[in-house]
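Me: I'd like to learn how to read a model like this one. Can you walk me through it?

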Amino acid sequence: MARLSTLALAASAALPGAMAWGAMGHETIAYIASNFVASSTKSYFQSLLGDTSADYLASVAAWADSYRYTTAGAFSAPFHYIDANDSPPSSCSVSYSRDCGSEGCVVSAIQNYTTILLDGRYSAANHQIAAKMIIHFVGDIGQPLHCEALDVGGNDIDVTYDGEDTNLHAIWDSDIPESISGGSSMSSAKSWATTLTTAINSGDYKSQAAGWVSGLSVATAAKQQATALQWATEANAYVCSTVLKGGVSAVESGDLSGAYTTTADPVVKLQIAKQGYRLAKYLDAIVAAM
C-alpha cells in the first residue's frame, strides 16, 4: 500500500458534505465513539483535529465522502468499500486477495491510514487527514452493502421506498437509518447515539460489546488488516441473512418502507452501535501504540 501512503501526502483541506451511511449515520457512529474513548484518546484527537468541542469526531465523520468527489481526492473513491465477489443470498464471504482491487479498498485503507497515523515522520496535516479517513472508513465497513460487489453494492438494484424510486444501497445508507433516528440532522445523530450508548452500557448490547472488539489490534500492518477484514466479513454476512435474503427480485417488488425495514431495523441499529464502539477502541489502540 505504499502508493496510498504517497497519495495521502497530496490530500487537501477539509470540505463539508456526506454520503455513505448518510452523514447522520456517520455522525452517530462518531458520537458513540466519543462516549467510549479514553481521556488520553480524546485529548489527542481534539488537539490533532483542532476542535475541543464534544463534536470533534462527528464534525469530521463524513469528510471523506466529500473529499472523494474532488479532483485531489478522486483516488480515494475505492477506499469506501470492498467488492465481495460472492453469491448472495446463497453464499456470502469476503476474501482480501479476491476482493480488494489494485486501487485499494476499505480494508487496505484502514490499514494504510492507521500506519500513517502511527508514523511520526508524517506531518500533522497528514496525520489529520489519516484520522479523518479512519473515522469515516470504520463507519463504512459496517454497512453491509459497502462489503458487496453484486450490482455495484446494490446501487444498481432499483427499489421503491415510501413511494419514491431509489436504489437498495441508498436506503441502507440513509432511508432506513433516518427512519430509526427520526431525522437526518446532527441533533438526530447525537440523540440516536445517546440511545445506542445506553444500550451498550446497560441494555441489549451490554453482553455483546466486549466481543465486538475481540482480536482488535493495531500492533502491525497485518493485524490492522486482519481487524478490518473481520469487520468486513461480519457486515457482508448480513447481505445474505437480511439485505438480500429473498434475492434481488424480492426487493425489486413492493415498497421497502414497511416489512422490509422492520426486518432491517435491528441490523442497522446493531451495526451503527458496533462500529461506534469499535471506532472508540480502535482509536484508543492507536493512541496507546504511539
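**Reading the fold**

Reply: Sure. The protein chain has 13 helices and two strands; helices (H or I, at least four residues) and strands (E, at least two) are DSSP runs, numbered from the N terminus. This is a predicted model, where local features need pLDDT of at least 70 and side-chain atom pairs count only at pLDDT 80 or more, while totals for chains, interfaces and linings use all residues. Residues are numbered from 1 along each chain as its sequence is written, and side-chain values use heavy atoms, with hydrogens and water left out.

Me: What radius of gyration would a compact globule with 290 residues have?

Reply: The rule is 2.2 Å times the number of residues to the power 0.38, with the radius taken over C-alpha atoms. That gives a value near 19 Å for 290 residues, and the protein chain agrees at 18 Å. Along its principal axes, the C-alpha trace spans about 55 × 40 × 35 Å.

Me: How many of the residues count as buried?

Reply: Buried means under 20% relative accessible area, exposed over 50%, and partly exposed in between (1.4 Å probe, protein chains only). Here 55% of the 290 residues count as buried. For contacts, the cut-off is heavy atoms within 4.5 Å. Of the contacts between residues at least 6 apart in sequence, 76% join residues at least 24 apart.

Me: Which residues have the most contacts inside the largest nonpolar core?

Reply: Think of such a core as a set of buried Ala, Val, Leu, Ile, Met, Phe, Trp, Tyr and Cys residues joined through side-chain atoms within 4.5 Å. The largest one has 90 residues, and Phe45, Tyr113, Leu168 and Trp172 have the most contacts inside it. Its largest share, 15 residues, comes from α13.

Me: Let's take one helix. What should helix α9 span?

Reply: Expect 1.5 Å times one less than the number of residues. For the 17 residues of α9 (residues 186-202) that should be 24 Å, and the end C-alpha atoms are indeed 24 Å apart.

Me: And which residues of α9 are buried?

Reply: An α-helix has 3.6 residues a turn, so residues three or four places apart point the same way. In α9 the buried ones are Ser188, Ala189, Trp192, Ala193, Leu196, Thr197, Ala199 and Ile200. They cover an arc of only 165° around the axis, which puts them on the same side of α9; the arc is that of the directions from the helix axis to the C-beta atoms. Ser187, Thr195 and Ser202 are exposed on the other side of α9. As for partners, the buried residues of α9 pack against α2 (22-36), α8 (168-181), α10 (209-212) and α13 (259-289).

Me: What about the backbone: is the peptide bond from Pro88 to Pro89 cis or trans?

Reply: Most residues other than glycine have a negative phi, and most peptide bonds are trans. The bond from Pro88 to Pro89 is cis, with omega near 5°. Pro89 sits in the loop between α4 (63-67) and α5.

Me: Where does Val152, with its positive phi, lie?

Reply: Val152 lies in the loop between α7 (124-140) and β1 (158-161), and its phi is near 55°. Val152 is exposed, at 51% relative accessible area. Asp162 also has a positive phi, of about 55°, although it is not a glycine. Asp162 is in the loop between β1 and β2 (164-167) and counts as exposed at 58% relative accessibility.
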